[in-house]
Amino acid sequence: GAVPLGEGLDGVGEGGGDGGVAYDAESSSVIRLSNGMVLYLREVNNYLALVCLLRGDNLQKRGLIDYNIDCFKQALSQVFNVPRPSIARQEG
């Protein structure tokens with residue numbers, strides 16, 4: 001089961017203060033579950049987030065996890081940034 005809402009959460013606190021956006025491209029959240037597992041959420045882009053279910057002791061390797069997620073994000077951007085043929089070129 002999950003911990004009660006608001007407990008065991010790392011990341012942005014309540015009442016951000018400046019009224020701006022409470023997240024950026026490096027935003028993440030860690031939710032510690034009562035069974036020792038951890039949900040690690042990380043933004044990939046504006047439309048996609050990666051949700052990882054980890055054993056709690058693996059979170060100590062957070063730098064390695066973040067590095068792998070960054071590699072995944074870069075690969076995804078290469079896949080989805082394939083140039084589309086323009087309509088003008090097709091008509092000419």
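# Exercises on a predicted model

The side chain of R42 makes a polar contact with the side chain of D70, at 2.7 Å. The model is a predicted one, and the exercises below start from this contact.

## Exercise 1. The setting of R42

Task: Determine which element holds R42, whether R42 is buried or exposed, and which residues R42 touches.

Solution.

Step 1. Locate the residue. R42 is found in strand β3, which spans residues 37-45.

Step 2. Classify its accessibility. The relative accessible area of R42 is 2%. Buried means under 20%, so R42 counts as buried.

Step 3. List the surroundings. Residues up to four places away in sequence are not counted; R42 then touches E26, S27, S28, A49, L50, D66, I69, D70 and K73.

Step 4. Single out the polar partner. D70 is on that list, and the side chains of R42 and D70 form the polar contact of 2.7 Å.

## Exercise 2. The strands on either side of β3

Task: State how β3 pairs with β2 and with β4, and how the strands are linked.

Solution.

Step 1. Place the strands in the overall order. The protein has two helices and four strands, and from the N terminus on the elements run β-β-β-β-α-α.

Step 2. Take the pairing with β2. Strand β2 (residues 28-32) runs antiparallel to β3, and five bridges join the two. As one example, S29 has L41 in β3 as its bridge partner.

Step 3. Examine the link between them. β2 and β3 form a hairpin with four residues between them, and G36 in the turn has a positive phi of about 90 degrees.

Step 4. Take the pairing with β4. Strand β4 covers residues 48-55 and pairs with β3 over eight bridges, in the antiparallel sense. Bridge partners in β4 include C52 for Y40 and L54 for V38.

Step 5. Examine the second link. The hairpin from β3 to β4 passes through two residues.

## Exercise 3. The largest nonpolar core

Task: Name the residues of the largest nonpolar core and the elements that give two or more residues to this core.

Solution.

Step 1. Identify the members. The largest nonpolar core has eight residues: V30, V38, Y40, C52, L54, L59, I65 and I69.

Step 2. Assign the contributions. The elements giving two or more residues to this core are β3, β4 and α1 (62-80).

Step 3. Follow one member. With residues up to four places away in sequence left out, L54 touches M37, V38, Y40, L59 and I65.

Step 4. Set this beside the general tendency. In soluble globular proteins, nonpolar side chains tend to be buried together.

Step 5. Consider the whole protein. Buried residues make up 16% of the 92 residues. The accessible surface comes to about 7200 Å², of which 55% belongs to carbon and sulfur atoms.

## Exercise 4. The cysteines C52 and C71

Task: Classify C52 and C71 as buried or partly exposed, and state how many disulfides the structure holds.

Solution.

Step 1. Classify C52. Its relative accessible area is 17%; because buried means under 20%, C52 is buried.

Step 2. Classify C71. Relative accessibility is 32% for C71. This value lies between the limits of 20% and 50%, so C71 counts as partly exposed.

Step 3. Check for disulfides. The structure holds zero disulfides.

Step 4. Describe the surroundings of C52. C52 lies in strand β4. Apart from neighbours within four places in sequence, C52 is in contact with V38, L39 and Y40. C52 and I65 are 13 residues apart in sequence, and their C-alpha atoms are 9.7 Å apart in space.

## Exercise 5. The position of R55

Task: Find which strand holds R55 and which residues R55 contacts.

Solution.

Step 1. Locate the residue. R55 is in strand β4.

Step 2. List the contacts. Leaving aside neighbours within four places in sequence, R55 is in contact with G36 and M37.

Step 3. Compare sequence with space. R55 and N35 are 20 residues apart in sequence and 9.2 Å apart in space, C-alpha to C-alpha.

Definitions and conventions
Residues are numbered from 1 along each chain as its sequence is written. This is a predicted model: local features need pLDDT of at least 70, side-chain atom pairs count only at pLDDT 80 or more; totals for chains, interfaces and linings use all residues. Side-chain values use heavy atoms; hydrogens and water are left out. Buried means under 20% relative accessible area, exposed over 50%, partly exposed in between (1.4 Å probe, protein chains only). A polar contact is a pair of N or O atoms within 3.5 Å; within protein, one must be able to donate a hydrogen and the other to accept it, and residues adjacent in sequence count only if both atoms are side-chain atoms. Contact means heavy atoms within 4.5 Å. Two strands pair if DSSP finds at least two bridges between them. Accessible areas come from the Shrake-Rupley method with a 1.4 Å probe; for residues, only the protein chains shown count as cover. A nonpolar core is a set of buried Ala, Val, Leu, Ile, Met, Phe, Trp, Tyr and Cys residues joined through side-chain atoms within 4.5 Å. A disulfide is a pair of cysteine sulfur atoms within 2.5 Å.
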